[in-house]
Protein chains: 2
Amino acid sequence: MRFRQVAIVGATGAVGREFARVLTQRCFPAESYRLLASARSAGTLVDWAGRTLKVELLRPAVFDGVDLAFFSAGAAVSREFVLRAQRAGAIVIDNSSAFRMAPDVPLVVPEVNPQALRAHQGIIANPNCSTIILAVALWPLHRVNPIRRVVVATYQAVSGAGARALAELEAQTRAVLAGSAPEARVFHEPCAFNVFSHDSPIGPDGYNLEETKLMRELAKIFGDENIRVAATCMRVPVQRAHTEAVSIEFEHPMDESEARAILQSAPGVRVIDDRIANRFPTPLAATGRDEVLVGRIRRDPTIADGRGLQLICVGDQLRKGAALNAVQIAELLA
Amino acid sequence: MRFRQVAIVGATGAVGREFARVLTQRCFPAESYRLLASARSAGTLVDWAGRTLKVELLRPAVFDGVDLAFFSAGAAVSREFVLRAQRAGAIVIDNSSAFRMAPDVPLVVPEVNPQALRAHQGIIANPNCSTIILAVALWPLHRVNPIRRVVVATYQAVSGAGARALAELEAQTRAVLAGSAPEARVFHEPCAFNVFSHDSPIGPDGYNLEETKLMRELAKIFGDENIRVAATCMRVPVQRAHTEAVSIEFEHPMDESEARAILQSAPGVRVIDDRIANRFPTPLAATGRDEVLVGRIRRDPTIADGRGLQLICVGDQLRKGAALNAVQIAELLA
């Protein structure tokens with residue numbers, strides 16, 4: 001099946017530009033594209049899949065004739081326009097958090113729960129970037145030995161906060177190297193040569209929204225309400241790949257070498273685990289790659305009966321964490 | 001009591017230079033200093049406590065007349081020279097890992113176990129930097145409600161690898177911003193705009209040496225073999241303060257507000273925990289400070305019966321993580 005008219009909402013953002021690369025590289029079966037954005041970007045010309053396209057203003061009637069729409073402009077834009085696009089007849093793949101936990105909206109990672117797509121009613125949600133990376137790494141283990149508890153600490157790239165955040169990291173770094181004070185606009189803390197708690201709002205339980213997403217979404221994707229996740233989400237001065245340090249408690253004993261063998265043959269996973277050379281996944285190595293890199297696989301001696309493992313996983317936040325996962329979902333639909 | 005002759009072994013390193021600042025700021029009771037280093041640095045002139053001192057070559061007979069020696073030149077140097085210094089009559093405070101787990105060597109964090117000093121036999125060990133920061137943050141909680149398990153992921157500054165590593169981070173960052181490839185000499189991975197597994201050797205259990213230190217030293221400092229630690233140690237592109245994301249399982253229920261109140265009145269701790277403004281500890285805020293910053297204190301909903309808490313702690317690795325802790329030990333001796 002080919003899509004006649006594919007709309008990209010948020011085409012000029014960091015994820016939007018990654019959509020252009022992914023769709024082109026994968027020869028996505030689309031006859032035409034329409035790029036949509038807010039008034040700030042409407043009218044600009046953008047290189048897109050070998051052609052130059054003009055960005056159109058996102059407005060209510062714009063979805064007539066669109067049969068597939070990728071939304072990547074934040075939850076507020078999705079809440080305003082996703083239902084309109086759906087009513088106009090488009091299938092929507094939404095990168096925002098707006099509809100992820102809605103019972104009738106499948107939350108899909110193609111390597112994990114492609115079957116969930118069957119029940120879609122016009123809207124499919126793409127999980128949060130940190131969740132996708134964690135889900136790809138943990139699902140192959142979970143399906144053979146149920147995971148009961150995960151403690152995860154993230155090292156998140158600035159790209160998750162968009163193109164302006166990437167520019168801020170570079171500008172601040174130059175300022176610090178030149179001996180001046182870094183100016184913080186996008187983030188509430190300096191991001192150059194610093195680490196800070198994730199810049200999302202904090203709920204009454206003390207968890208920020210990024211942590212809450214990670215703690216809720218994994219259970220929905222895995223279809224297992226018994227998996228509990230305790231998360232700490234932090235930003236680090238890295239451009240575009242997220243790292244996660246993960247401690248896993250299984251229901252039954254899980255051998256370290258069994259886990260490694262499972263991950264080595266898992267879809268979307270690449271194991272880098274060389275203890276002698278001290279080579280493991282890094283965000284630089286993951287940048288621009290489709291796979292989630294997994295390594296540092298080792299037994300957790302603080303969990304009884306050999307039911308504990310630790311590992312790290314790293315994924316390109318703009319790619320598998322956003323645009324690629326959404327395009328893979330669309331490919332399954334096609 | 002005043003010390004007549006205080007030797008600093010490794011005086012020209014990153015920690016050595018921090019010793020100069022800390023000793024001066026605290027008006028340390030020393031009549032004179034002798035700066036010792038390898039042949040590479042011997043003969044250089046160094047500003048030290050308001051005077052200019054010449055660095056002497058570290059050799060076997062150099063400790064005659066020294067009554068206190070701070071060692072900060074790595075485990076190999078300590079293994080070669082600490083016993084000589086002790087035999088020459090000096091009390092040694094060793095920053096390396098060489099003697100930390102020896103039964104007759106106290107491993108001391110002054111806020112935690114000053115009483116351990118009483119049994120010293122001429123050698124006192126300063127714990128690993130990540131351990132000190134974690135110990136200062138956890139001890140006030142542990143003494144009222146025993147901690148049974150800790151899962152910790154670190155975000156470690158490059159300064160832990162010395163002055164050359166600090167220079168490498170800066171040089172690599174400049175190179176990347178100029179569009180060239182970063183050159184890795186000190187570290188096995190690029191450190192600019194990257195995150196990587198700690199650059200220490202990896203044991204047969206898959207844990208690197210930094211993780212092993214963290215997992216072993218806390219129990220010795222707390223005098224409680226029942227505390228189990230699972231660690232993941234990573235480097236981040238930050239100059240000199242370490243961040244740690246910590247998940248804690250207590251023996252009994254621990255209320256979040258009780259933990260916050262305990263930490264607010266704990267020695268060496270400063271709580272920064274403003275959920276509304278999203279202000280929490282950062283390595284930039286901890287740089288140059290004596291206290292360990294603690295924040296993000298919240299209940300861990302994945303641990304039963306309210307026995308779980310999560311928090312982050314941040315400390316200046318060169319200061320409380322190394323020079324300051326050693327000087328505080330010496331002050332207790334004086």
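**Helix α1 and the α3–α5 packing**

In this predicted model, helix α1 of chain B (residues 14–25) runs for 12 residues and spans 17 Å from first C-alpha to last, close to the 16 Å expected at 1.5 Å a residue. Its buried residues are A14(B), V15(B), G16(B), E18(B), F19(B), A20(B), V22(B) and L23(B). These buried positions pack against a mix of strands and helices of chain B: β1 (3–9), β2 (30–37), β3 (45–48) and β6 (68–71), plus α4 (163–177) and α8 (319–333). Just past the end of α1(B), C27(B) adopts a positive phi of about 50°.

Further along chain B, helix α3 (residues 129–142) packs on helix α5 (residues 209–222) at about 40°, with the axes 10 Å apart. That angle is why α3(B) and α5(B) count as oblique to each other, and the crossing is right-handed. On the α3(B) side, the contact uses C129(B), S130(B), T131(B), L134(B), A135(B), L138(B), W139(B) and H142(B). From α5(B) come E210(B), K213(B), L214(B), E217(B), L218(B), I221(B) and F222(B). Sorted by class, the α3(B)–α5(B) contact has 9 nonpolar, 3 polar and 3 charged residues.

Now for chain A. Helices α3 (residues 129–142) and α5 (residues 209–222) of chain A pack at an angle of about 40°, their axes 10 Å apart. So α3(A) and α5(A) are oblique to each other, and they cross in a right-handed sense. Contact residues include L134(A), L138(A) and W139(A) of α3(A), with L214(A), L218(A) and F222(A) among those of α5(A). The α3(A)–α5(A) contact breaks down into 9 nonpolar, 3 polar and 3 charged residues.

Note on methods. Residues numbered from 1 in each chain as written. Chains lettered and ligands numbered in written order. Predicted model: local features only at pLDDT ≥ 70, side-chain atom pairs only at ≥ 80, totals over all residues. Heavy atoms only, no water. Axes fitted to C-alpha atoms, helices over the stretch in contact; angles between N-to-C directions. Helix = DSSP H or I, 4+ residues; strand = E, 2+ residues; numbered from the N terminus. Parallel < 35°, antiparallel > 145°, perpendicular 65-115°, else oblique. Left-handed = near helix turned anticlockwise from the far one by under 90°. Contact = heavy atoms within 4.5 Å. Nonpolar A, V, L, I, M, F, W, Y, C, P; charged D, E, K, R; others polar. Expected span 1.5 Å × (residues − 1). Buried < 20%, exposed > 50% of the residue type's maximum accessible area, 1.4 Å probe, protein only.
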